[in-house]
Amino acid sequence: MQTLFSPKSQTKLLGVLVFSCLIFLLYPDYLPLIDLPQHAAQVTTLDDLIKGKSVWQNMVFTNFDTPYLTSYLLWWFFYQFLDISTASKWVMVVIFCLYVISIRQLRLAYGKDKLLDFLALSCFFGFAYQWGFVSFMMSVPVGIFFLISCKNYFETHKPKQLAIVFAWGVLLYFSHILGFAFFCFVAYCNFLASFKQHNWQQRFYFTGVFLLFAIMLVRIILKPDPAFFEGYPIGYVEQHPFLWKTQELLYLPWHMNDIYHYHLAFYGVLILPIFMGYRLSRQWQLYVPLIACLIIWYALPHIAFQTAYLYQRFAIFLPIFYALIWLPNTDLRGGRYNIAQVATAFFMVSVLAILYKNHNDNVQFQYSAIRLDFEKTKQDMQPNKRAMFLFDEASRHDFSISTDRNYLHFAQWYQAEKHGWVDFSFATSPAMIVRLKAEEIYPNYKKNRGAVKGNLTQILDCSIYDYLVMRVVDNPIDDVKSWLKQNPSCQNKVLVAQHGTWLLWGNEK
């Protein structure tokens, strides 16, 4: 990129892009991240439990022995000064800033130039971010700092540096268990690649630290669960085919969906470095992180360990480790507008297009009629009530933005902001900091959310809910009313309010 921008101008451009990302992280009332409302509800419920004012304390228990602890404690800290929706945005701001700093430190540690910064900036808002995997996103910068500390130990072999490796590893463990396992695997692959550089004592100490990490990992895997997990059954595994995963490599680092009109930008940031004057490094150790990441990508299934989207969330690392294998060509010659300059311009346009997509989603979501209608619905709900959120398949989406399933958990903002309880809740998941007691998890807890005839007439038990919050697109309201009347436990539910496609049902007075 030296052919088009001086190092100073590169830094200025990167600063402008980072600043724009911070603005758009703080701009909307709610970030359009699918799982974000669920995590926000965890934080407010935790705060109520800590302060002894939760009306749900007989239903739940706290689970501080969780590898999600770092992000939840940070979020809880912000919640002491800010409302929950603002606190959620500041958590993402902190994660983003740590990410930018960690990438810079990674670049300096490996002696790379600004290509790494721009590639990493383009993929922050990809699959894991759009799903709202907040704790996993927290583990990304922590894991990068962990890798840097490992590299520093390889170069210095100082006991103090090994202690820093251990400290970052423990913090990584409490950030996210998948991030912890992933970065331990990458770091030890790096160690094996540089095995001859260390004497036997250094190999023993480094391996000893990673044996401690392995014990921590095995412990959390084998930890007995005090409450039944109503979700993917134990032992259930779903693997995607090789070609499927290969195709996903070309868009998941930047987007959760395959949006064809952005493929040129996605391909551009991958292909253009060679036309920008970069060449592949002959230092084979630089390929180790990328190869380790690809091994994880193709080896891990889609679902296992009662967790979905296992391999997909690691897409964010592919452009980062890909950038490590490129070296700038310092012997470029040519005219004023040579191929490297043109390629660099297109590379920057690709990065800008990818960032624009995310920022535009935030703006569109802010003014979405569907989101605004939910705000009206929420205002009609009294605080501290128990609700069930139901939807038909089409109503999970908001086609004004490029992602989908944005309303999968959106009613959870009622729990987060008005201290109610909304099923289904993340409180059944083993890693959550607030868990439902085993006796509160009834059969089909996670399978009765459909606003469809079979569920409303037979499966759903309305007797435990003060509200039914529905978003219905496919089915007429009269049909929904008829289905509820056919269910003995739901016959006292009446339509309290309707705002657009949102329906609020309450108890008949």
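These legends accompany several close-up views of a predicted model.

**View 1. The whole protein, before we zoom in.** The predicted model contains 19 helices and 11 strands. Measuring tape aside, the C-alpha trace spans about 80 × 55 × 45 Å along its principal axes. A compact globule of 509 residues would have a radius of gyration near 23 Å, and the protein's 25 Å agrees with that. Of the 509 residues, 57% are buried. Among contacts with a separation of 6 or more, 79% join residues 24 or more positions apart. The protein exposes about 21,500 Å², with carbon and sulfur atoms supplying 64% of this area.

**View 2. Helix 12 and its kink.** Here we follow helix 12, which takes in residues 263-275, 13 residues in total. From the first C-alpha to the last, helix 12 reaches 18 Å, close to the 18 Å expected at 1.5 Å a residue. Look for Val269, where helix 12 has a kink of about 45°. The proline Pro273 comes shortly after this kink. Once helix 12 has ended, you will meet Gly277, a residue with a positive phi, near 100°.

**View 3. The buried residues of helix 12 and what they pack against.** Val269, the site of the kink, is itself one of the buried residues of helix 12. Pro273 is buried too, and so are His263, Ala265, Phe266, Gly268, Leu270 and Leu272. As a reminder for reading this view, an α-helix has 3.6 residues a turn, so residues three or four places apart point the same way. Which elements do the buried residues of helix 12 pack against? Their helical partners are helix 5 (115-123), helix 14 (317-324) and helix 15 (339-366). They also pack against two strands, namely strand 2 (278-280) and strand 5 (326-328).

**View 4. Gln366 in helix 15.** Helix 15, one of the elements packed against helix 12, is also the place of Gln366. Is Gln366 buried or exposed? With 12% relative accessibility, Gln366 counts as buried because the cut-off for that class is under 20%. Setting aside neighbours within four places in sequence, Gln366 is in contact with Tyr27, Pro28, Asp29 and Tyr30. Arg371 and Leu372 are in contact with Gln366 as well.

**View 5. The disulfide between Cys462 and Cys490.** The count for this protein comes to 1 disulfide. Its partners are Cys462 and Cys490, with their sulfur atoms 1.9 Å apart. The pair links distant parts of the chain, the two cysteines being 28 residues apart. Cys462 sits in the loop between helix 18 (453-459) and strand 9 (467-471). Cys490 belongs to the loop between helix 19 (477-486) and strand 10 (493-499). The torsion about the S-S bond is about 80°, so this disulfide is right-handed. Cys462 is buried, at 0% relative accessibility, and Cys490 is buried with a relative accessible area of 0%.

**View 6. Two cysteines outside the disulfide.** Cys97 is in no disulfide, and the nearest cysteine sulfur, belonging to Cys21, is 10 Å away. At 28% relative accessibility, Cys97 counts as partly exposed. Cys293 is likewise in no disulfide, with the sulfur of Cys123 as its nearest cysteine sulfur, 10 Å away. How accessible is Cys293, and what class does that give? Cys293 has a relative accessible area of 1%, so this cysteine is buried.

How values were computed. Residues are numbered from 1 along each chain as its sequence is written. This is a predicted model: local features need pLDDT of at least 70, side-chain atom pairs count only at pLDDT 80 or more; totals for chains, interfaces and linings use all residues. Side-chain values use heavy atoms; hydrogens and water are left out. Helices (H or I, at least four residues) and strands (E, at least two) are DSSP runs, numbered from the N terminus. The expected span of a helix is 1.5 Å times one less than its number of residues. The bend at a residue is the angle between axes fitted to the seven residues ending there and the seven starting there. Buried means under 20% relative accessible area, exposed over 50%, partly exposed in between (1.4 Å probe, protein chains only). Contact means heavy atoms within 4.5 Å. The radius of gyration is taken over C-alpha atoms; the globule rule is 2.2 Å times the number of residues to the power 0.38. Accessible areas come from the Shrake-Rupley method with a 1.4 Å probe; for residues, only the protein chains shown count as cover. A disulfide is a pair of cysteine sulfur atoms within 2.5 Å.
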